[in-house]
Amino acid sequence: MKAFQRRVDDEEKIEAKDWMPEAYRRTLVRQISQHAHSEIIGMQPEGNWLTRAPSLKRKAILLAKVQDEAGHGLYLYSAAETLGVSRDQMVADLLSGKAKYSSIFNYPTLTWADIGTIGWLVDGAAIMNQIPLCRCSYGPYARAMVRVCKEESFHQRQGFDILVELCRGTDEQKAMAQDALNRWWWPSLMMFGPGDKDSKHSAQSMAWKIKRFSNDELRQKFIDTTVPQAEFLGLRVPDDDLRLDEDTGHYEFGEIDWQEFHDVLAGNGPCNKQRMETRTRAQEDGRWVREAARAYAIKQP
């Protein structure tokens, strides 16, 4: 165990065939599979607008983005499989409710402005979380994240571009953008997970260099980066306690409603039931394809 920790402390990458503590392996399986599930479930709120995008250009961009998310899920399932867990088992854990996915995807996309806000805030928060994962101690996960982060950066810019156009448009369009920000701001802050004092896994994950920064550090960095962007758009962040501390250079912000966070995680969010029904139906509808592929593989010499 000490030799393993020395390798981690010396910034050596741990590879699939290397010895690792069972707790390290379990932590990675939980985190990577949850990340993969989030990418796949996350296709749903945006896929809801594929047939309703306001132009052919916007439709093509959104379609490419949703396809990217599917690819991210595949990269991440593959990374998790190097730890000895099968994709079938990971999907079964998701469908049974044993495994979780990001709570942010249990909110509805009511208007086109929501698509822009998801790109700006949700993908922006994802980037803040995921760029440090490119230096994760587990090699397969770190390497998968390099491409994921490049594509997420494009997604964030695409979302911000939608909001720039809306905020430069009619009063109704700007009001639509403000409404989307009002609804997505607090759930986006929840994406970083519970505060450090309440996080069950953060300290150990940081000791193993799976994570590089704590939940609260990443949340603060996200707020400091995003508030000036909202000001550029001419939008108001829905937090009456938000203010810049001139001494620290950081924004102070209001209390997050952690009860809402836990309620959504427990399956009681606005769209939990719908998301899982859709994912379960997709799994059943694709069963014949998987069975045909397995049958074909068996016949090959």
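# Exercises on a predicted helical model

There is a kink of about 35° in helix H6, and its centre is Ile118. The model is predicted, and the exercises below start from this helix.

## Exercise 1. Helix H6

Task: State how many residues H6 has, what distance it reaches from its first C-alpha to its last, and how many of its residues are buried.

Solution.
- Step 1. H6 runs over residues 112–130 and has 19 residues.
- Step 2. From first C-alpha to last, H6 reaches 26 Å, which is close to the 27 Å expected at 1.5 Å a residue.
- Step 3. The kink of about 35° is centred on Ile118.
- Step 4. Of the 19 residues of H6, 18 are buried, and the helix is mostly covered.

## Exercise 2. The largest nonpolar core

Task: Find which residues have the most contacts inside the largest nonpolar core, and which element gives the largest share of this core.

Solution.
- Step 1. The largest nonpolar core has 48 residues, and Trp120, Trp184, Trp185, Phe222 and Leu233 are those with the most contacts inside it.
- Step 2. Two or more residues of this core come from each of helix H4 (56–81), H6, helix H7 (139–167), H8, helix H10 (215–233) and H11.
- Step 3. H6 gives the largest share of this core, nine residues.
- Step 4. Another core, of 28 residues, lies apart from the largest one; among its members are Phe4, Ala79, Val148 and Ile210.
- Step 5. Neighbours within four places in sequence left aside, Trp184 is in contact with nine residues that can be listed in sequence order: Ile104, Tyr107, Pro108, Thr109, Asp114, Thr117, Ile118, Leu121 and Val122. Ile118, the centre of the H6 kink, is one of these contacts.

## Exercise 3. Two buried residues in H8 and H10

Task: Decide whether Ala177 and Thr226 are buried or exposed, and list what each is in contact with beyond four places in sequence.

Solution.
- Step 1. Ala177 belongs to helix H8 (residues 171–190). Its relative accessible area is 0%, so Ala177 is buried.
- Step 2. With neighbours within four places in sequence set aside, the contacts of Ala177 are Ala113, Leu163, Leu166, Cys167 and Leu235.
- Step 3. Arg157 is 20 residues from Ala177 along the chain, and their C-alpha atoms are separated by 16 Å.
- Step 4. Thr226 belongs to helix H10. A relative accessible area of 3% is under 20%, so Thr226 is buried.
- Step 5. Under the same exclusion of sequence neighbours, Thr226 is in contact with Trp120, Leu121 and Trp185. Trp120 and Trp185 are among the residues with the most contacts inside the largest core.

## Exercise 4. Gln130

Task: Determine which side chain makes a polar contact with the side chain of Gln130, and which residues Gln130 is in contact with beyond four places in sequence.

Solution.
- Step 1. Gln130 lies in H6 and is buried, with a relative accessible area of 7%.
- Step 2. Beyond four places in sequence, Gln130 is in contact with His35, Glu39, Met145, Val148, Cys149 and Glu152.
- Step 3. His35 is the partner in a polar contact between side chains, at 3.1 Å.
- Step 4. Cys149 is 19 residues from Gln130 along the chain, with a C-alpha separation of 6.7 Å.

## Exercise 5. The faces of H12

Task: Explain why the buried residues of H12 line one face of the helix, and name what they pack against.

Solution.
- Step 1. H12 (residues 272–285) has 14 residues and reaches 20 Å between its end C-alpha atoms, close to the expected 20 Å.
- Step 2. Its buried residues are Asn272, Arg275, Met276, Arg279 and Gln283. Seen down the axis of H12, these buried residues fall within an arc of 90°, so they line one face.
- Step 3. An α-helix has 3.6 residues a turn, so residues three or four places apart point the same way.
- Step 4. The buried residues pack against helices H2 (22–41), H3 (43–47), H5 (87–96), H11 (258–268) and H13 (287–299).
- Step 5. Lys273 and Asp285 are exposed and sit on the face turned away from the buried side.

## Exercise 6. Positive phi in two loops

Task: For Glu11 and Lys209, give phi and the loop that holds each residue.

Solution.
- Step 1. Glu11 is not a glycine, yet its phi is positive, about 65°. Glu11 is in the loop between helix H1 (2–9) and H2, and counts as partly exposed at 41% relative accessibility.
- Step 2. Lys209, also other than glycine, has a positive phi near 60°. Lys209 lies in the loop between helix H9 (202–207) and H10, and is buried at a relative accessible area of 18%.

Terms used:
Residues numbered from 1 in each chain as written. Predicted model: local features only at pLDDT ≥ 70, side-chain atom pairs only at ≥ 80, totals over all residues. Heavy atoms only, no water. Helix = DSSP H or I, 4+ residues; strand = E, 2+ residues; numbered from the N terminus. Expected span 1.5 Å × (residues − 1). Buried < 20%, exposed > 50% of the residue type's maximum accessible area, 1.4 Å probe, protein only. Arc of directions from axis to C-beta. Contact = heavy atoms within 4.5 Å. Core = buried A, V, L, I, M, F, W, Y, C linked by side-chain atoms within 4.5 Å. Bend = angle between axes of the 7 residues up to and from the residue. Polar contact = N/O pair within 3.5 Å; in protein donor to acceptor, adjacent residues only side chain to side chain.
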